[in-house]
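Me: I'm new to reading protein structures, and I'd like a close look at one part of this one. Could you start with a single residue in the core and then work outwards from there?

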Amino acid sequence: MKNKRFVSATVELLNQLLNTDDITEALTGALEMLTNLLGCEAGAVWLQDREADRLAAVCQYGPVDFTNMSAENGVGVEGLVSRSGEIMVVQDATSPDYPGSLFDDSGIRVQNMLCVPLKSLTEVIGCIQIVNSQDGTGFDEEEQQLSQRIATLAALTIEEKEFTVSAGEKKKVLIQLRGITKDYPSGEGFVHVLKGIDLDIYENEFVVILGESGCGKSTLVNIVGGMDHLTDGSLIIDGKDFSHPTETELTQFRREYMGFVFQQYNLMPNLTAQENVQFIADLVPSPMPAAEAIAKVGLTDRADNFPSMLSGGQQQRVSIARAIVKKPRIIFADEPTAALDYQTSIEVLTVFEQIVQAQGSTVVMITHNPEIARMANRVVKLRNGRIASIRINLNPAMAADLVW
Ligand SMILES: Nc1ncnc2c1ncn2[C@@H]1O[C@H](COP(=O)(O)OP(=O)(O)O)[C@@H](O)[C@H]1O
Ligand SMILES: [Mg+2]
């Protein structure tokens, strides 16, 4: 019975790996499948950075954020397996023989672990690590074989796609979320909308948050953006604790740090495009000139139009100009293209792309369109109030190349 499930899983994985342009998406899928098949809590895929002689996490499954961590070759479980090419099973992480792992620093309490090498034809290119078997079987022979088989398929695909990782410099963390929960009162009790979110958001990255409707995406972004209060946990922005800000702190940090773009454009109908932008510029100490923000979204020739004279896409570009005119450190965009047709969506996404590339801003974009995730540096998947997985996109697509 188990064997049959394992065979279909392998076939499914093979399909995913062969048919993807996006290797980390396929690897995340493989990791998710393996973690669930083995009844485990979390997993990660580590790859060699030959230049730095270190390992970098390219994706993870489960409620941790590894994407800024790197492991030393030959040290800890992931380092040992990636050097020796030998599978390693830890049945009891409290035993004195346990060599330690980066998982120990992740917030997950390691009880047991399986780590299988990613072996291409010629070398060991990293490892797949799965922790905390909950189903009581540990990691039996059959499970080890399955994992090794999946790792081999993954390794061959990675080698074939010739993709490389960098475990180089650490990214600068702009926003740090730890154990964030959010409850809303409901009837007699509470609904737990966010159930413990651990995540770092870096300077100058494009993060896409994916997840089904109702999983907590907007709630999360509203908390990080200072539009809602967290129930528990900590929120650190640029080194300052904003877990429980005062109203004054909140207004100030929202004003100076953050830009917002929503599905609805929320423009003032009696002001022109440029006046809508100027109105926001007047609220902050050192904005960019409103005309410059209008130019950055390609609307100079429409600057004097009122919203009613503009198309949906143009109105959304005005709302982006309004967000960037403050020169914010971070821009949150909640389903910014949900109301737009394909062509207009691409125009709007191209503007975001330029903001990240040319201005060095950080953009956190919520969407339920997985195709948009292809242009992100990192993709965070939420499921039912928790982080389901995070992956690094090693080759983000250009907005213009997205198709749906
Ligand atoms: N103010 C609120 N009061 C009660 N429940 C809420 C409130 N805001 C959101 N929720 C609930 O929280 C869950 C997540 O909502 P949301 O974050 O908007 O999801 P998403 O953006 O992923 O679609 C939903 O079930 C929603 O009904
Ligand atoms: Mg939402």
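Reply: Sure, let's start with Val45. If you skip the neighbours within four places in sequence, Val45 is in contact with Leu27, Leu31, Ala57, Val58, Cys59, Gly126 and Ile128. Keep in mind as we go that this is a predicted model.

So what is Val45 part of? The largest nonpolar core has 118 residues, and Val45 is among those with the most contacts inside it, along with Ile128, Ala154, Val277 and Ala321. You've already met Ile128, since Val45 is in contact with it. As a bit of background, nonpolar side chains in soluble globular proteins tend to be buried together. Helix H10, residues 342-359, gives the most to this core, with seven residues. The core also draws at least three residues from each of domain 1 (2-160) and domain 2 (203-401).

That brings us to the two domains. The protein is divided into domain 1, covering 2-160, and domain 2, covering 203-401. Taken over C-alpha atoms, their centres are separated by 34 Å. Where they touch, 13 residues come from domain 1 and ten residues from domain 2. On the domain 1 side, the elements that give two or more residues are helix H2 (23-37) and strand S2 (54-61). The largest share of that side, five residues, comes from H2. By type, the residues on the domain 1 side divide into five nonpolar, four polar and four charged.

Now hop over to the stretch 203-401, which is domain 2, and look at Leu382. This residue lies in strand S15, residues 378-383. Is Leu382 buried or exposed? It counts as buried, because it has 22 C-beta neighbours inside 10 Å, and 20 or more are needed for that label. Its contacts, again leaving aside neighbours within four places in sequence, are Ile209, Gly211, Cys215, Gly216, Lys217, Ile387 and Ala388. For a sense of distance, the C-alpha atoms of Leu382 and Met365 are separated by 13 Å, with their positions 17 residues apart along the chain.

Some of those contacts lead straight to ligand 1. Gly211, Cys215, Gly216 and Lys217 are among the residues that surround ligand 1, and so are Tyr184, Val191, Val193, Ser213, Gly214, Ser218 and Thr219. Strand S8 (189-202) and helix H5 (217-224) are the elements that give two or more residues to this shell. H5 gives the most, with three residues. The shell divides into four nonpolar, six polar and one charged.

For a contrast with Leu382, try Ser286. You'll find Ser286 in the loop between helix H7 (273-281) and helix H8 (290-296). Ser286 is exposed, because there are just 8 other C-beta atoms within 10 Å. Ser286 and Lys327 are 41 residues apart in sequence and 8.0 Å apart in space, C-alpha to C-alpha.

Finally, zoom out to the whole protein. There are ten helices and 16 strands. The radius of gyration is 23 Å, close to the 22 Å that the globule rule gives for 404 residues, so the protein is as compact as a globular protein of that length. Its C-alpha trace spans about 70 × 45 × 40 Å along the principal axes. Buried residues make up 46% of the 404 residues. And of the contacts with a separation of 6 or more, 67% are between residues 24 or more positions apart.

Conventions
Residues numbered from 1 in each chain as written. Chains lettered and ligands numbered in written order. Predicted model: local features only at pLDDT ≥ 70, side-chain atom pairs only at ≥ 80, totals over all residues. Domains from an automatic or database assignment. Contact = placed C-beta atoms within 7 Å. Helix = DSSP H or I, 4+ residues; strand = E, 2+ residues; numbered from the N terminus. Nonpolar A, V, L, I, M, F, W, Y, C, P; charged D, E, K, R; others polar. Rg over C-alpha atoms; globule rule 2.2 N^0.38 Å. Buried ≥ 20, exposed ≤ 12 C-beta atoms within 10 Å, placed from the backbone. Near = placed C-beta within 6 Å. Core = buried A, V, L, I, M, F, W, Y, C linked by C-beta atoms within 7 Å.
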